[in-house]
Amino acid sequence: MRRFLAVPLIVLLAITLAVPVAAAPRPGGVFPSLSRNLVAYYDFEHPVPGSPGQEADQGRSGTDITLVNGGAAMRVPDRGPGRNALQVKQVNPAQKGADDWKAGRYSADGVPTLRAFNGVRAATVMGWVKMTGENPSPNPGSSTPGARYGAVGLVGLLSGNSDGHAVRALLELITVDGELRLVALGRRIDGAASQTFAAAEDWRKLLPPEEWVFLAAVFDYDNGTMALYRNGKPVEGFYVDQGDPWAVGGEPEPDPASATDPRGIKIGGSFPQNTREGNPCNCRLDDLMFLDRAVRPLEILLQYHWARR
């Protein structure tokens, strides 16, 4: 009984004591303490006026994204966190092309509205996911019969020199030692090594079919740490590289990310510029958030309950 009552009491205390009065919740269900650091936020309830194939950013940056290949049809009614969700999917499993439904933003010169992540010391990516089809998808570009992609793209922030695939912060399913796992994958320095924090539990239990799940990944570049959360609770896992791939050991301090503007955002696969396909996700996504700090564990729990209130 105590555990059942703990969350409502914590929510009440956080709202009344910890949150400034001016920090009003944004549309779609963002917990108030997160608003100041909410760089980009997509609830898929806000088409860009006059351009329904684009989604307006509800965060502070104004980084609108494109609903690639499916346009406005990718906004589908769903009784999830909001009225609508984003449907992404592989369109033609048998033919190599560039027609998968995905979303995002890309600029080879960097996206200036994402400058909050230029030289940032930490970042957080959060959002709701519902698996709606076969994952991982068949890989029509492979010469091996029956081959499948080795990853399932969820949502990520591109690095400052990305070709549309490389990331600074990413939530994804990826193959680790021959087994597909839910991971947080981050890169501190453009073009340098990435680090992966992989969930220990089977991804199919973490993301069961047709069930909305709230995921969060926290990237602390300065301390060289990452964390995963599911439905507000920490996910047990392990670092794939036991060394120091982010090169944070020793002086000088602090250890920020590269001083470059990210080249964009990718959602539901790689290459948001739509030059090629890669790692499609047959899933729905909603309330996707990109923050320029390490969100605290209690705030992640509160955000999960705030969106479900």
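In this predicted model, Arg230 and Glu211 form a salt bridge in which the closest N and O atoms are 3.7 Å apart. Arg230 belongs to strand β14 (residues 225-230) while Glu211 sits in the loop between α2 (203-206) and β13 (213-220), so the pair ties together parts that are 19 residues apart in sequence. The points below turn to the other salt bridges, to strand β6, to Glu172 and to the largest cavity.

**Salt bridges**

- The structure holds 14 salt bridges, and the one between Arg230 and Glu211 includes a residue, Glu211, that is partly exposed, with a relative accessible area of 35%.
- Salt bridges with shared partners join Asp78, Lys130 and Arg284 into one network.
- Within that network, the side chains of Asp78 and Lys130 meet at 2.8 Å, taken from N to O.
- Asp78 lies in the loop between β5 and β6, whereas Lys130 lies in strand β8 (residues 122-131), so this pair ties together parts that are 52 residues apart in sequence.
- Asp78 counts as buried at 10% relative accessibility, and Lys130 is buried as well, with a relative accessible area of 9%.
- A further salt bridge brings together the side chains of Arg181 and Glu179, at 3.3 Å from N to O; here Arg181 counts as buried at 13% relative accessibility, while Glu179 is partly exposed, with a relative accessible area of 36%.

**Strand β6 and its partners**

- Strand β6 (residues 84-88) has four of its five residues buried, so the strand is largely enclosed by the rest of the structure.
- Strand β5 (residues 75-77) pairs with β6 in the antiparallel sense over three bridges, and a hairpin of six residues joins β5 to β6.
- Within this pairing, Arg75 has Leu86 of β6 as its bridge partner.
- Strand β18 (residues 283-291) also runs antiparallel to β6, and three bridges join the two strands.
- In the pairing with β18, Gln87 stands opposite Arg284, and Arg284 is also a member of the salt-bridge network with Asp78 and Lys130.

**Glu172, a buried residue without a salt bridge**

- Glu172 is found in strand β10 (residues 167-176), and although this residue is buried, it has no salt bridge.
- The nearest side chain of opposite charge belongs to Lys266, 4.8 Å away, and a salt bridge requires a side-chain nitrogen within 4 Å of a carboxyl oxygen, so this pair does not count as one.
- Leaving aside residues up to four places away in sequence, Glu172 touches Ala151, Val152, Gly153, Leu154, Arg181, Leu182, Val183 and Asn279.
- One of these contacts, Arg181, is the residue whose side chain meets that of Glu179 in a salt bridge.

**The largest cavity**

- The count comes to one cavity of 30 Å³ or more, and about 30 Å³ of space lies in the largest cavity.
- The residues that line the largest cavity are Gly153, Leu154, Val155, Leu170, Glu172, Lys266, Ile267, Gly268, Gly269, Ser270 and Asn279.
- The elements that give two or more residues to this lining are β9 (151-158), β10 and β17 (264-267), and β9 gives the most, with three residues.
- Both Glu172 and Lys266 are among the lining residues, and Gly153, Leu154 and Asn279, which also line the cavity, are among the residues that Glu172 touches.

Notes
Residues numbered from 1 in each chain as written. Predicted model: local features only at pLDDT ≥ 70, side-chain atom pairs only at ≥ 80, totals over all residues. Heavy atoms only, no water. Buried < 20%, exposed > 50% of the residue type's maximum accessible area, 1.4 Å probe, protein only. Lys, Arg positive; Asp, Glu negative; His and termini not counted. Contact = heavy atoms within 4.5 Å. Pairing = 2+ DSSP bridges. 1 Å grid on protein atoms, 1.4 Å probe; cavity = no way out; pocket = protein on both sides within 12 Å on 5 of 7 lines; lining within 4 Å. Points joined across faces, edges and corners; volume = space filled by probe spheres on them.
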